[in-house]
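Please walk through this protein with me, beginning with its overall architecture and moving on to its charged side chains and to the places where its helices come together.

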Amino acid sequence: MRPALLGKYGMKNPKTKSVQEELKKDKQMLIQEIRTAHETWVAAQAHFEFALDKDQIDYAIYAMEAAEKRFEMLIKQAKKLGVSLIDSDRLMEVK
């Protein structure tokens with residue numbers, strides 16, 4: 001490696017590495033939240049299927065819409081960060 005590319009003490013800039021680690025952790029947390037939001041959405045749909053009276057149906061619809069909106073919001077956030085499901089397995093690897 002050329003000296004001009006090395007940091008003050010002859011090492012790569014540690015801030016750059018810590019920023020990359022923080023970004024990776026943020027992406028991992030986002031992926032986990034997306035998975036949880038999807039499970040919540042699926043559970044809300046199942047709850048709707050078994051709702052019996054008007055109040056239960058109203059609650060199930062509200063819960064389903066809220067879960068769907070949260071899932072959509074997280075997907076948009078992932079797209080902004082450039083996270084895809086293809087990368088998710090690689091990002092979720094524990095080192």
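**From overall fold to charged surface**

Read from the N terminus onward, the elements of the protein follow the order α-α-α. The model shown here is a predicted one, and its secondary structure amounts to three helices and zero strands. Two of these helices carry most of what follows: helix α1, which spans residues 14-49, and helix α2, which spans residues 54-81.

Some overall values help to set the scene before individual residues are taken up. The protein has 95 residues, of which 18% count as buried. Its accessible surface comes to about 8000 Å², and carbon and sulfur atoms account for 60% of that area. When contacts are restricted to residues at least 6 apart in sequence, 71% of them join residues that are at least 24 apart.

The charged side chains offer a way into the details, and a search of the whole structure finds two salt bridges. One of them is formed by the side chains of Glu 33 and Arg 70, with an N to O distance of 2.9 Å. This pair links distant parts of the chain, since Glu 33 belongs to helix α1 and Arg 70 to helix α2, with their positions 37 residues apart in sequence. How far are the two partners open to the surroundings, given that a residue is called buried under 20% relative accessible area and exposed over 50%? Glu 33 has a relative accessible area of 32% and is therefore partly exposed, and Arg 70, at 38% relative accessibility, also falls into the partly exposed class.

The other salt bridge brings together the side chains of Asp 58 and Lys 54, here with an N to O distance of 3.0 Å. Both residues lie in helix α2, where they are four residues apart, or about one turn of the helix. Asp 58 is partly exposed, because its relative accessible area is 38%, whereas Lys 54 counts as exposed because its relative accessibility is 61%.

Helix α2 can be followed further by returning to Arg 70, which is found there. Once its neighbours within four places in sequence are left aside, Arg 70 is in contact with Glu 33 and Ala 37, and the first of these residues is also its salt-bridge partner. Arg 70 can in addition be placed relative to His 38, which is 32 residues away in sequence and 8.9 Å away in space, taken from C-alpha to C-alpha.

Further pairs of residues can be described in this way, by setting their separation in sequence beside their separation in space. Thr 36, whose place is in helix α1, is 35 residues from Phe 71 in sequence, while the C-alpha atoms of the two are 8.9 Å apart. Thr 36 has a relative accessible area of 38%, so it is classed as partly exposed. Ala 66, a residue of helix α2, is separated from Trp 41 by 25 residues in sequence and by 8.3 Å in space, again from C-alpha to C-alpha. With a relative accessibility of 39%, Ala 66 counts as partly exposed. Ala 46, which lies in helix α1, is 14 residues from Ala 60 in sequence, and the C-alpha atoms of these two residues are 8.9 Å apart. Ala 46 is partly exposed as well, because its relative accessibility is 35%.

The last feature to consider is one of charge on the surface. Which residues gather in a patch of positive charge? They are Lys 69, Lys 76, Lys 79 and Lys 80. Lys 79 may serve as an example from this group, and its place is in helix α2. Is Lys 79 buried or exposed? Its relative accessibility is 65%, which lies over the 50% limit, and Lys 79 therefore counts as exposed.

Taken together, these details describe a predicted model of three helices, in which a salt bridge between Glu 33 and Arg 70 links helix α1 with helix α2, and in which four lysines, Lys 79 among them, gather in a patch of positive charge on the surface.

Technical notes:
Residues are numbered from 1 along each chain as its sequence is written. This is a predicted model: local features need pLDDT of at least 70, side-chain atom pairs count only at pLDDT 80 or more; totals for chains, interfaces and linings use all residues. Side-chain values use heavy atoms; hydrogens and water are left out. Patches are made of residues with over 30% relative accessible area and no salt bridge: like charges are joined within 9 Å, nonpolar side chains (Val, Leu, Ile, Met, Phe, Trp, Tyr) within 5 Å. Accessible areas come from the Shrake-Rupley method with a 1.4 Å probe; for residues, only the protein chains shown count as cover. Lys and Arg count as positive and Asp and Glu as negative; His and the chain ends are not counted. The place of a charge is taken as NZ of Lys, CZ of Arg, CG of Asp or CD of Glu. Helices (H or I, at least four residues) and strands (E, at least two) are DSSP runs, numbered from the N terminus. Buried means under 20% relative accessible area, exposed over 50%, partly exposed in between (1.4 Å probe, protein chains only). Contact means heavy atoms within 4.5 Å.
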